[in-house]
Every structure is written in C-alpha cells, then in structure tokens.
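Work through the exercises below with the sequence and the 3D structure at hand. Each task is followed by a solution in steps.

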Amino acid sequence: MNIHESLQLLGGLSPQTFMRRHWQKKPLVIRQAIPGFKPPLDRTDLLDLAAQEEVQSRLVVQENAGGARPWRFKHGPFNRKALPPFKQPGWTLLVQGVDLLDQRVHALMNQFRFVPDARLDDVMVSYASDGGGVGPHFDSYDVFLLQAHGQRRWRIGRQKDLSLQPDMPLKILAHFEPEMELVLDAGDMLYLPPRYAHDGVAVGECMTYSIGFRAPSRAELAGELMQRLAEDAADAVGDSLYADRTQVALAQTGEIPESLVAFARKALEDALCDPLALQRVLGEYLTEPKAHVIFDTRMVDCEGDGLEGALVLDRRTRMAYDAQHVFINGESFLASGRDAESMRLLADERNLGAAKVKRLSAPARDLVQDWLEAGWIHGEQ
Ligand code: SIN
Ligand code: CO
C-alpha cells in the first residue's frame, strides 16, 4: 500500500497523515468512505452465521427503557426463532470475526492494512432493529465503525469519567456526556480511539461493520510469554527438580531457603538466555490462530519440488516476521537470504507470485508444501 497516497477511505487523508493525526488520538468522521457501499452480507446471511455453534454472536435487547434493568444480554448461537421479530424495536445482534468467515469481508478488512497486522483484530457485524444499540459505552481498542446499511445516530464524547452502571449485563457508562452527535449513512465511517465514549442508535433498521484492533496488555503478554519461554527452555535443556542435599536441619522452618530463591532466579534466567527466545515466542503468540479456527487440510498431489504457480494465504492465516524469523499460525522458522525475502513478501502481500515461488530453496518448498496440506495457504486460482 502506498501510505503517502490520499485515500477516500480516510476522508482524503493518506494513511501516514491519518496515523499521525488521529490514530489513538482523536476521532475522524468520514463521509462516503466507501461510496455506494453494498454490504456483502444481508441480515439473512448474518442470522445464518449467528445460528452456527462455532461463530461468536451476542444479542442485546433493550426493554422498558425507563425501567431499572433495561438491558438484556445473551450469547449465541441463536436460532431464528430465538431472536425478536424484525418489527420489534430496540434489539441488536452482533457477530464477531466475520472476516474469517467471508472472503469479501476479509477483503474489506485488508483495506486497513496500513496498521501492523499484529494490531488488526477482526470485523464485527451488527444488525439492529429501529432504536437498537448496545448503549453508551467505551471500547478499550481503536475501531472504525463503517455504516453498512441504513442509518445510525452516534453520540460521542471524550469524557474522563468512565465509571459503569452497576449490575448491568453489559458495560454501560454511568454518566454519559456526549459532546457531538451525527447520523451516519451507508458508506460513512467513524474512527474512534480507545476509551472514547460512544452510543450508536439505529434510525430504522441498520447494519454496522466494526473494524476492530487488538492491543495486548503488559500482564497478558508477560504471562503468555513467560509460559512459552519456560516450556521452550524445558524442551531445550530439560526440566529438573530443586535438590537440597546440603540442607541442614532447622529449628525454625518458616523461612524460604536462599538456595530455593537462587534456583528460581536461575530458572527465569535460563528461560531468557537464548537471545532470540523473546522474539520467537512473541511472534508465535501473535500469529496464533483465533479460537474456533479450523483449516481445511488436504492432500496435495505434488512434491515440494513440483510446486507451480502463485500462492495466497488462507484468510484465516496469521503470518508475520522479524529480522530472524518467519511466523505462521503460531509456528516459527529461522529464515535468511532469498527465502526470507520471499516469505516476508508473502506475509506483507498475503500472496507470492509464481516466479518467486519457483526461486524458493528446496527446504522452503517443503515447508510451503506442508502449509498447503495444512490449508494455511492455497495455490492462486
Ligand atoms: C454496534 O455495531 O452496534 C456496536 C458498535 C460499537 O459501539 O462499538
Ligand atoms: Co463500541
């Protein structure tokens, strides 16, 4: 992508300018970000997805708006009969991870690949009957809210008080103070940075696509990475038990032995002693496929050295790289030279031309063969 080119998608800003001025800083309203946008999925398609066991869906129903508990919340899957009638106002159905389920939605998400893939999360699609919404709230992550069908009235505000109403089944701000109100038509889009208060209410029935991002927390990363580092170290040097052949008898036994503290410290140091270990486990973690993702494995009727034609990543595949590694779906490979160059191109472009495939080394072709069989990549049609 040319990051210096002005994009209609970003209201005439280039990705570079958008990132500098708005990303994580301030909202942007983009009229006709995608002119004449026709949503790839209609409400029947969305309802079909919400009926599937392995698809994450939620239903929010607003009842007796003046009452004490006006919000009802349920996790899917939902049969059509479990959902309110379309004519009933005030309900919304939200389906997560639609980019993994539909190639056209995946292609839509790819338009936002001026942000690192490691930050891109998913596309959530919502259907709302008239007046439907999820109430005033804030999200912890950046989001582009693309109006896909009908109209939605947004009220937004940059408030400090993010306290929530107690005893609600979903996160509803206790004191919402909107600063701005706007109505989005199909094709319009609103970018919101994390923790920006917002409330979107359907004006007539509507559908909204949320292109969402992810950001790991320090605690989540530290926990995940330490666990992986410890497992890798145990695989590399073997595990061992604390031993204390020289332990003397004690009259007072409450104190933790110094040698046990040293043993713990050494265990942590050993887990980090491989200089590439941290990058390796980070890349593996960041490219771990989403829960519920199952690839279609298949037999490929040629050996690695018979590979022909271009390759394309499956839409569910996560691929990334750093200076030493290539990562794909939670696995890491050391790569250098021309192979590394081609693998990085595959990660960036999500496809690799036939000429580049031909120039892969024999071991790299064998890997690609494995990935084809695993359903992680496909021969381009
Ligand atoms: C929705 O699509 O109804 C909710 C989107 C949001 O407010 O984050
Ligand atoms: Co939100």
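**Exercise 1. Domains**

Task: State which domains the chain is assigned, and how far apart the C-alpha centres of domain 1 and domain 2 lie.

Solution. The model is a predicted one. Step 1: the domain assignment gives domain 1 as 8-213, domain 2 as 218-274 and domain 3 as 277-381. Step 2: between the C-alpha centres of domain 1 and domain 2 there are 46 Å.

**Exercise 2. The cobalt ion**

Task: Find the protein donors of the cobalt ion (ligand 2), and say which parts of the chain Asp139 and His198 tie together.

Solution. Step 1: list the donors. They are His137 through NE2, Asp139 through OD and His198 through NE2, at 2.0 to 2.1 Å from the ion. Step 2: write their spacing in sequence, which is H-x1-D-x58-H. Step 3: place the pair. Asp139 belongs to the loop between β5 (120-128) and β6 (143-157), while His198 belongs to strand β9 (residues 197-213), so the two tie together parts that are 59 residues apart in sequence.

Step 4: compare the accessible areas with the cut-offs. A residue counts as buried under 20% relative accessible area and as exposed over 50%, with partly exposed in between. His198 has 3%, so His198 is buried. Asp139 has 28%, so Asp139 is partly exposed.

**Exercise 3. The partners of β6**

Task: For strand β6, work out how many bridges join it to β9, to β8 and to β7, and give a residue pair for each.

Solution. Step 1: β6 and β9 run antiparallel and are joined by 13 bridges. Here Gln151 stands opposite Val203 of β9. Step 2: four bridges connect β6 with strand β8 (residues 189-192), again antiparallel. Here Leu146 faces Met189 in β8. Step 3: five bridges connect β6 with strand β7 (residues 180-184), also antiparallel. Ile156 has Met180 in β7 as its bridge partner. As background, strands of a sheet pair through backbone hydrogen bonds, and the pairing may be parallel or antiparallel.

**Exercise 4. Arg43**

Task: Locate Arg43, and name the residues it contacts beyond its neighbours within four places in sequence.

Solution. Step 1: Arg43 is part of helix α2 (residues 43-50). Step 2: its relative accessible area is 29%, so Arg43 is partly exposed. Step 3: leaving aside neighbours within four places in sequence, Arg43 is in contact with Phe86, Tyr127, Glu205 and Met207. Step 4: look at two of these contacts. The side chains of Arg43 and Glu205 are joined by a polar contact of 2.8 Å. Met207 is 164 residues from Arg43 in sequence, yet their C-alpha atoms are 8.0 Å apart in space.

**Exercise 5. The sheet of β11, β12 and β13**

Task: Give the strand order, explain why β11 and β13 each have a side without a neighbour in the sheet, and identify a helix that packs on the sheet.

Solution. Step 1: the sheet is open, its three strands follow the order β11-β12-β13, and the pairing is antiparallel. Step 2: β11 (319-321) and β13 are the edge strands with a single partner each, so one side of each is left without a neighbour in the sheet. Step 3: direction ignored, neighbouring strands of this sheet are turned by 20° against each other on average.

Step 4: β12 and β13 are joined by four bridges and run antiparallel. Ile328 has Glu331 in β13 as its bridge partner. Step 5: helix α6 packs on the sheet, where it touches β12 and β13, and its direction makes about 25° with that of β12. Step 6: helix α7 (residues 337-349) lies across β11 and β12 and runs at about 130° to β11.

**Exercise 6. The buried residues of α6**

Task: Determine which residues of helix α6 (residues 277-286) are buried and what covers them.

Solution. Step 1: the buried residues in α6 include Ala277, Arg280, Val281, Gly283, Glu284 and Tyr285. Step 2: their cover includes α4 (218-237), α5 (258-272), β12 (325-328) and β13 (331-334).

**Exercise 7. The sheet of β14, β10 and β15**

Task: Describe the strand order and say where helix α9 packs.

Solution. Step 1: this open sheet has three strands in the order β14-β10-β15, with antiparallel pairing. Step 2: β14 (351-352) and β15 (377-379) are the edge strands, each pairing on one side only. Step 3: helix α9 (residues 362-374) packs on the sheet, touching β10 and β15, and its direction makes about 95° with that of β15. Step 4: two bridges join β10 (residues 311-313) to β14, and Leu311 has Leu352 in β14 as its bridge partner.

Definitions and conventions:
Residues are numbered from 1 along each chain as its sequence is written. Chains are lettered from A and ligands numbered from 1 in the order in which they are written. This is a predicted model: local features need pLDDT of at least 70, side-chain atom pairs count only at pLDDT 80 or more; totals for chains, interfaces and linings use all residues. Side-chain values use heavy atoms; hydrogens and water are left out. Two strands pair if DSSP finds at least two bridges between them. Contact means heavy atoms within 4.5 Å. Axes are lines fitted to C-alpha atoms, for helices over the stretch in contact, and angles run from 0 to 180 degrees between N-to-C directions. Donors are N, O and S atoms within 2.8 Å of the metal (3.2 Å for Na, K and Ca); water is not among the atoms, so sites may look incomplete. Buried means under 20% relative accessible area, exposed over 50%, partly exposed in between (1.4 Å probe, protein chains only). Domain bounds come from an automatic or database domain assignment. A polar contact is a pair of N or O atoms within 3.5 Å; within protein, one must be able to donate a hydrogen and the other to accept it, and residues adjacent in sequence count only if both atoms are side-chain atoms.
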